[in-house]
Amino acid sequence: MLNLFYSVPFVGWMVRDLRTGGESVFTYFLINCGLLWILSAVLFGYPGIIIPALCAVPVMFTLLLLLTRGKYEVG
C-alpha cells in the first residue's frame with residue numbers, strides 16, 4: 001500500500017524522499033510544501049489560501065494538546 005502511495009507524482013515522491021533521504025531533505029520538503037501552497041493560491045485564488053490553512057487547524061490543535069499534556073518536548 002505504501003509503494004502505491006509512493007508512485008503518486010510529486011506528493012508520493014516527496015514523502016518517499018523524506019523517509020529515505022539525507023539530512024537536508026526535510027528542509028526541501030518544507031520548501032516544496034510552501035511552494036505548492038503558493039501555487040494553489042495562484043491557480044485557485046482565495047480558496048487556495050484558505051482551504052490548506054483550515055486543514056492545518058486540527059493538526060495544530062492536536063499538537064498543542066500534546067504539548068500541554070507533556071507528551072512531547074520542544075527543543
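This passage describes the packing of three helices and the largest pocket in a predicted model.

The first helix pair considered consists of H2 (11–20) and H3 (25–44). These two helices pack at an angle of about 160 degrees, and their axes lie 9 Å apart. Since angles over 145 degrees count as roughly antiparallel, H2 is therefore described as roughly antiparallel to H3. The crossing of H2 and H3 is left-handed. On the side of H2 the contact is formed by Met 14, Val 15, Asp 17 and Leu 18, while H3 contributes Val 25, Phe 26, Phe 29, Asn 32, Cys 33 and Leu 36. Sorted by class, the residues of this contact between H2 and H3 comprise 8 nonpolar, 1 polar and 1 charged.

H3 also packs against helix H4, which spans residues 46–69, at an angle of about 140 degrees and with the axes of the two helices 5 Å apart. H3 and H4 are therefore oblique to each other. In this contact, Trp 37, Ser 40, Ala 41 and Phe 44 of H3 meet a set of H4 residues made up of Tyr 46, Pro 47, Gly 48, Ile 49, Pro 52 and Ala 53. The contact of H3 with H4 contains 8 nonpolar and 2 polar residues, and no charged residue takes part in the contact.

The largest pocket has a volume of about 250 Å³. Its lining is composed of Val 11, Met 14, Phe 29, Cys 33, Gly 34, Leu 36, Trp 37, Ser 40 and Pro 52. Two elements, helix H2 and helix H3, each give two or more residues to this lining, and H3 gives the most, with 6 residues. By class, the lining of the largest pocket holds 7 nonpolar and 2 polar residues, with no charged residues.

Several residues of the pocket lining recur in the helix contacts. Met 14, Phe 29, Cys 33 and Leu 36 are among the lining residues, and these residues also belong to the contact of H2 with H3. Likewise, Trp 37, Ser 40 and Pro 52 line the largest pocket and take part in the contact of H3 with H4, where Trp 37 and Ser 40 lie in H3 and Pro 52 lies in H4.

Notes: Residues are numbered from 1 along each chain as its sequence is written. This is a predicted model: local features need pLDDT of at least 70, side-chain atom pairs count only at pLDDT 80 or more; totals for chains, interfaces and linings use all residues. Side-chain values use heavy atoms; hydrogens and water are left out. On a 1 Å grid over the protein atoms alone, a cavity is a set of points where a 1.4 Å probe fits but cannot get out, and a pocket is an open set with protein on both sides within 12 Å along at least five of seven lines; lining residues have an atom within 4 Å of a point. Grid points are joined across faces, edges and corners, and a volume is the space filled by probe spheres set on the points. Helices (H or I, at least four residues) and strands (E, at least two) are DSSP runs, numbered from the N terminus. Ala, Val, Leu, Ile, Met, Phe, Trp, Tyr, Cys and Pro count as nonpolar, Asp, Glu, Lys and Arg as charged, and the others, Gly among them, as polar. Axes are lines fitted to C-alpha atoms, for helices over the stretch in contact, and angles run from 0 to 180 degrees between N-to-C directions. Angles under 35 degrees count as roughly parallel, over 145 as roughly antiparallel, 65 to 115 as roughly perpendicular and the rest as oblique. A crossing is left-handed if the near helix is turned anticlockwise from the far one by less than a right angle, and right-handed if clockwise. Contact means heavy atoms within 4.5 Å.
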